[in-house]
Amino acid sequence: MAMDRKPRPIVDLTASCACGAVSVRLAGKVLSMFMCACEDCQKASGTGHSTIVLARPDDVTITGETRSFARPANSGATLTRSFCPQCGTPIAARSSRAEQLLMLPAGLFGSATEWYAPNQLIFARSHREWDEIAADLPRHDTYRDPGALM
Ligand SMILES: [Zn+2]
Ligand SMILES: [Zn+2]
């Protein structure tokens, strides 16, 4: 599964939601970094795209109570998003298309993300022109390889 041309860093990061009730530790290899402009990500982020760190669930420890919401995504998969029930900060998301992968919002980790470099924009078919994306970032209408996991 060759998802990247860029290096995939090994990180050990801990972040918390806005109110501090939920903390997230990511300790392991970043599998991929991408942006997604699907309409579900637009609703969840309140802006034009989500900015995702893809990780193995085994490398992620979530402490504190979260709530989750599952809905059918544009891809046809079921997308389950979890968030802090007190402050609403998005914590993680998982797709039924790839249960062995966990999507974490890059912004959750604040200034500790200098290593972050997205490699693609997926679901560019619903990208909005007002949401400025680097011109040299590869864009895919849906997934880069619609037959693959991500
Ligand atoms: Zn919170
Ligand atoms: Zn999306």
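Partly exposed means a relative accessible area between the buried limit, under 20%, and the exposed limit, over 50%. The exercises below use this scale on a predicted model.

**Exercise 1. Classify two cysteines that hold a zinc ion.**
Is Cys 17 buried or exposed? Where does Cys 19 fall on the scale?

*Solution.*
- Step 1. Take Cys 17. Its relative accessible area is 5%. Buried means under 20%, so Cys 17 is buried.
- Step 2. Take Cys 19. Its relative accessible area is 41%. That value lies between the two limits, so Cys 19 is partly exposed.

**Exercise 2. Describe the site of the zinc ion (ligand 1).**
Which residues coordinate the ion, and what geometry does the site have?

*Solution.*
- Step 1. List the donors. They are the SG atoms of Cys 17, Cys 19, Cys 84 and Cys 87, at 2.3 to 2.4 Å.
- Step 2. Check the angles. Among the four donor atoms they run from 106 to 114°.
- Step 3. Apply the cut-off. Four donors count as tetrahedral if all angles lie between 85 and 135 degrees. The site of ligand 1 is therefore tetrahedral.
- Step 4. Compare with the ideal. For four tetrahedral donors it is 109.5 degrees.
- Step 5. Read the spacing in sequence: C-x1-C-x64-C-x2-C.

**Exercise 3. Do the same for the zinc ion (ligand 2).**
Which protein donors does this ion have, and how are they spaced in sequence?

*Solution.*
- Step 1. Name the donors: Cys 36 (SG), Cys 38 (SG) and Cys 41 (SG), lying 2.1 to 2.2 Å from the ion.
- Step 2. Write the spacing: C-x1-C-x2-C.
- Step 3. Add burial. Both Cys 36 and Cys 41 are buried.
- Step 4. Mind a limit. Water is not among the atoms, so a site may look incomplete.

**Exercise 4. Place Pro 90.**
In which strand is Pro 90 found, and which residues does it contact?

*Solution.*
- Step 1. Locate it. Pro 90 belongs to strand E8, residues 90–95.
- Step 2. Grade its exposure. At a relative accessible area of 42%, Pro 90 is partly exposed.
- Step 3. Find its partners. Beyond four places in sequence, Pro 90 contacts Ser 82, Phe 83, Pro 105 and Leu 108.

**Exercise 5. Map the largest nonpolar core.**
How many residues does this core have, and which strand gives the most to it?

*Solution.*
- Step 1. Count: the core has 22 residues. Leu 26, Val 53, Leu 104, Phe 109 and Trp 115 have the most contacts inside it.
- Step 2. Trace the strands. E1, E2, E4, E8 and E9 each supply at least two residues. E1 gives the most, with three.
- Step 3. Look elsewhere. Another core, of 16 residues, lies apart and includes Leu 54 and Tyr 143.

Key
Residues are numbered from 1 along each chain as its sequence is written. Chains are lettered from A and ligands numbered from 1 in the order in which they are written. This is a predicted model: local features need pLDDT of at least 70, side-chain atom pairs count only at pLDDT 80 or more; totals for chains, interfaces and linings use all residues. Side-chain values use heavy atoms; hydrogens and water are left out. Donors are N, O and S atoms within 2.8 Å of the metal (3.2 Å for Na, K and Ca); water is not among the atoms, so sites may look incomplete. Four donors count as tetrahedral if all angles lie between 85 and 135 degrees; four count as square planar and six as octahedral if opposite donors are over 155 degrees apart and all others between 65 and 115; anything else is irregular. Buried means under 20% relative accessible area, exposed over 50%, partly exposed in between (1.4 Å probe, protein chains only). Helices (H or I, at least four residues) and strands (E, at least two) are DSSP runs, numbered from the N terminus. Contact means heavy atoms within 4.5 Å. A nonpolar core is a set of buried Ala, Val, Leu, Ile, Met, Phe, Trp, Tyr and Cys residues joined through side-chain atoms within 4.5 Å.
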